[in-house]
Each structure stands twice: as structure tokens, then as C-alpha cells.
Amino acid sequence: QVQLVESGGGLVQAGGSLRLSCAASGRTSTMTTMGWFRQAPGKEREFVAAISRIGGSTYYSDSVKGRFSISRDNAKNTVYLQMNSLKPDETAVYYCSARHFLSGGSYNSETGYDYWGQGTQVTVSS
């Protein structure tokens, strides 16, 4: 099993920045792609960004491309999400996720991930 713990959420004004972190523990050698999703009140969870374990290929939703940056430190088993130019409608709980190496599925779908953190609240005020 893999445990994921997010941190770095909080309250920020529109246009501001936050950096989220996700620390993995447990059988981290079984992880491959790691991703971030978010869920706003009354809405479905949506893909934000993902990064592969080998090569560090990155993927972003169109809504965050150019403003958010995902990175990972494999030695520390940690993935980061740098969020710039935040907007009020990006207020949501942000979840970290990880895929088991035996799993398939798309990097931008919830079904493509096997492990999830508890989430961290990001609130963007106008």
C-alpha cells in the first residue's frame, strides 16, 4: 500500500500563488505516474496535472496550462504543484494521487489512479 499526504493548501487572494506538496510513504517503489485532481463544492472531481515517474513527462488540463507546474522528487517520494495566477473559481479541495505500476487507464482520469490522499483545501478569494 501507498499513503499520500498533501500539504500547502490555504487561503490566497486572486492572482496569488500556492505550492502544494504530496509526500508518499509505504510501498513507493510500486508507484508510477502521480497526479493532482481537484473538487469544487457541488462539482465532480477533475484532473489538474500529472507527471510520470521515469522521464518526468508532464500533463496539464487546458484550464491550468501555463499557470500551474507539476514536479516530483523521486528521492523524497514527493510531488509538488506550483499554482500561479490563481482564480476564485479554482477554490477546491486538491487531491494527490498515484498509480500502481500494474495499473492502466488514462493519466487524466480518476480511474487511472490507485492511491489517493485526503486532500488539502485551497481557497482563492476575489
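Modeller: Two strands count as paired once DSSP finds at least two bridges between them. Keep that in mind for this predicted model.

Biologist: Fine. What makes strand 3 and strand 8 a pair, then?

Modeller: Six bridges join strand 3 (residues 18-26) and strand 8 (residues 78-83), in the antiparallel sense. The cut-off is at least two bridges, so the two strands qualify as a pair. For one position to look at, take Ala23, whose bridge partner in strand 8 is Thr78.

Biologist: And which sheet do they sit in, with what strand order?

Modeller: In an open sheet of four strands, ordered 1-3-8-7 and paired antiparallel. Strand 1 (2-7) and strand 7 (68-73) are the edges: each has a single partner strand, so one side of each has no neighbour in the sheet. From one strand to the next, the twist averages 15 degrees.

Biologist: On to the cysteines. How do you know that Cys22 and Cys96 form a disulfide?

Modeller: Their sulfur atoms are 2.1 Å apart. The limit for a disulfide is within 2.5 Å, so this pair passes. The structure holds one disulfide, and the link of Cys22 and Cys96 is left-handed, with -80 degrees about the S-S bond.

Biologist: Which parts of the chain does the pair link?

Modeller: Distant ones: Cys22 belongs to strand 3 and Cys96 to strand 9 (residues 92-100), 74 residues apart.

Biologist: Why does Cys22 count as buried?

Modeller: Buried means under 20% relative accessible area. Cys22 comes out at 0%, so it is buried. Cys96 also has 0%, and therefore is buried too.

Biologist: Zero is an easy call. Why is Ser21 called buried?

Modeller: Ser21, in strand 3, has a relative accessible area of 19%. That is under the 20% cut-off, so Ser21 still gets the label. Leaving out residues up to four places away in sequence, Ser21 touches Val5, Glu6, Ser7, Trp36, Thr78, Val79 and Tyr80.

Biologist: And Thr91, what makes it buried?

Modeller: Thr91 is placed in the loop between strand 8 and strand 9. Its relative accessibility is 19%, so Thr91 counts as buried. With residues up to four places away set aside, Thr91 touches Ala40, Pro41, Gln121, Val122, Thr123 and Val124. Ala40 is 51 residues from Thr91 along the chain, yet their C-alpha atoms are separated by 6.3 Å.

Biologist: Let's zoom out. How many helices and strands does the protein chain have?

Modeller: Zero helices and eleven strands. Read from the N terminus, every element in β-β-β-β-β-β-β-β-β-β-β is a strand.

Biologist: Why would you call the chain as compact as a globular protein of that length?

Modeller: The radius of gyration is 14 Å, and the globule rule for 126 residues gives 14 Å, so the chain matches a globular protein in compactness. Along the principal axes, the C-alpha atoms fill a box of roughly 40 × 25 × 25 Å.

Biologist: What share of the 126 residues counts as buried?

Modeller: It is 44%. As for exposed surface, the chain shows about 6,300 Å², with carbon and sulfur atoms supplying 46% of it.

Biologist: And among contacts between residues at least 6 apart in sequence, what share joins residues at least 24 apart?

Modeller: That comes to 57%.

Conventions:
Residues numbered from 1 in each chain as written. Predicted model: local features only at pLDDT ≥ 70, side-chain atom pairs only at ≥ 80, totals over all residues. Heavy atoms only, no water. Axes fitted to C-alpha atoms, helices over the stretch in contact; angles between N-to-C directions. Buried < 20%, exposed > 50% of the residue type's maximum accessible area, 1.4 Å probe, protein only. Rg over C-alpha atoms; globule rule 2.2 N^0.38 Å. Contact = heavy atoms within 4.5 Å. Areas by Shrake-Rupley, 256 points an atom, 1.4 Å probe, with all protein chains shown as cover.
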